[in-house]
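This report addresses strand pairing and the surroundings of a ligand. The account follows the structure shown here.

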Amino acid sequence: MFLSVIVPCYNEEGVLDKLYSVLSSEIEKDSNFSRYEIILVDDGSKDNTLNEIKGLKKLDDRIEYISFARNFGKEAAIFAGLKKSKGELVVLMDADLQHPPELIHQMADLIINQNYDSVGTIRKDREGESKIRGFLSTQFYKVINSLSETTIKKNATDYRMMNRKFVNSVLELSEYNRFTKGIFSWVGYNCTDIEYNNVDRVCGDSKWNYIKLFKYSIEGIVAFSTTPLILSSFLGFIMFFLSAIVMLVFVFKYIFFGEVVKGFPTVICSIFLLGGIQLLSIGVLGQYLSKMYLEVKNRPIYLTKEESESVSDVVTKG
Ligand code: UDP
Ligand code: MG
């Protein structure tokens, strides 16, 4: 079988040599793979990543690469890699060797012999990661799974093997706001997961900070659920109902007991409460609107600065 490995790389100098040697020796061990290509997607790195990639390409022709015009994000890099891949089986993995390459054999076995279309991976623990990040991510999975019909397994990673049918379906979703974990779950098919113990990066730092992770979470929720929109109208309805009751009570008191409503605090509190709810709802609307705006503009998901010409391209170009 022809295997394509896709690796998004953003400022990964110093990691790629190690990745290449570990990965290629692991693939060559497996008799399921008669051919393979490793597609390195340089996501607008500011360090020496692109030169290192080109160096590897000179050593081994099975390396392919795409280099983006700027940093478009991991999701865009995954899309570009999937588009470029030609293998019957495709593996997606991080550059930092946090996704153990030896799992490839088990994933290939499940797809080839047990007729799965895709095998994902789940981290058993979050070793080497801060407690706060672990806690926040648990909350994120809870929120997104309660809001959305597409379930995303807790601690699911982007490390995944897919067959051609699955990849082609993923590529059909050409949306601009790409939340890959959701997309993988949304396409369906016959999927399974395997578990592994988390490992630390071989070198360098994680490219994600809390702000990036927060934006990513909002993206995931907005992309796969419209429940917040429904919730905000629901909230509006409840407020309307409650205030109608309160109003009736006031009128009732005035008519039957001659009591004039007093209370500066009541007025202030209701203004603040309503103002808060209104702003929140407008904010929710704004989130969806801004995503729609980006989709409607229909801009390309990434721009390529340069890319390797694979053998078949050369042949077709004569
Ligand atoms: N990455 C990328 N573009 C980005 C950020 C990250 O292509 O804007 C790549 C990065 O090079 C790595 C993978 O995505 O191969 C995962 O990134 P990282 O290890 O920083 O994330 P973590 O393991 O902390 O979730
Ligand atoms: Mg990592």
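In this predicted model, strand 4 and strand 6 (residues 156-163) run antiparallel and are joined by four bridges. Within this pair, V91 stands opposite M161 of strand 6. Strand 4 is also joined by four bridges to strand 1, and these two strands run parallel. Here the bridge partner of L3 is L89 of strand 4. The two pairings are set out below.

| Strand pair | Bridges | Direction | Partner residues |
|---|---|---|---|
| strand 4 and strand 6 | four bridges | antiparallel | V91 and M161 |
| strand 1 and strand 4 | four bridges | parallel | L3 and L89 |

Strand 4 spans residues 89-92. L89 and V91 point one way from the strand, while V90 and L92 point the other way. All four of these residues are buried.

A contact across the sequence involves R164, which belongs to helix 6 (residues 164-172). The C-alpha atoms of R164 and E88 are 5.1 Å apart, although 76 residues separate the two along the chain. R164 counts as partly exposed because it has 16 C-beta neighbours inside 10 Å, a number between the limits of 12 or fewer for exposed and 20 or more for buried.

The surroundings of ligand 1 comprise 17 residues, of which P8, Y10, A95, S206 and K207 come nearest. Strand 1 (2-9) and helix 3 (74-84) are the elements that contribute two or more residues to this shell. By class, the shell holds seven charged, six nonpolar and four polar residues. Strand 1 thus appears in two settings: it gives residues to the shell around ligand 1, and it runs parallel to strand 4.

Terms used
Residues numbered from 1 in each chain as written. Chains lettered and ligands numbered in written order. Predicted model: local features only at pLDDT ≥ 70, side-chain atom pairs only at ≥ 80, totals over all residues. Near = placed C-beta within 6 Å. Nonpolar A, V, L, I, M, F, W, Y, C, P; charged D, E, K, R; others polar. Pairing = 2+ DSSP bridges.
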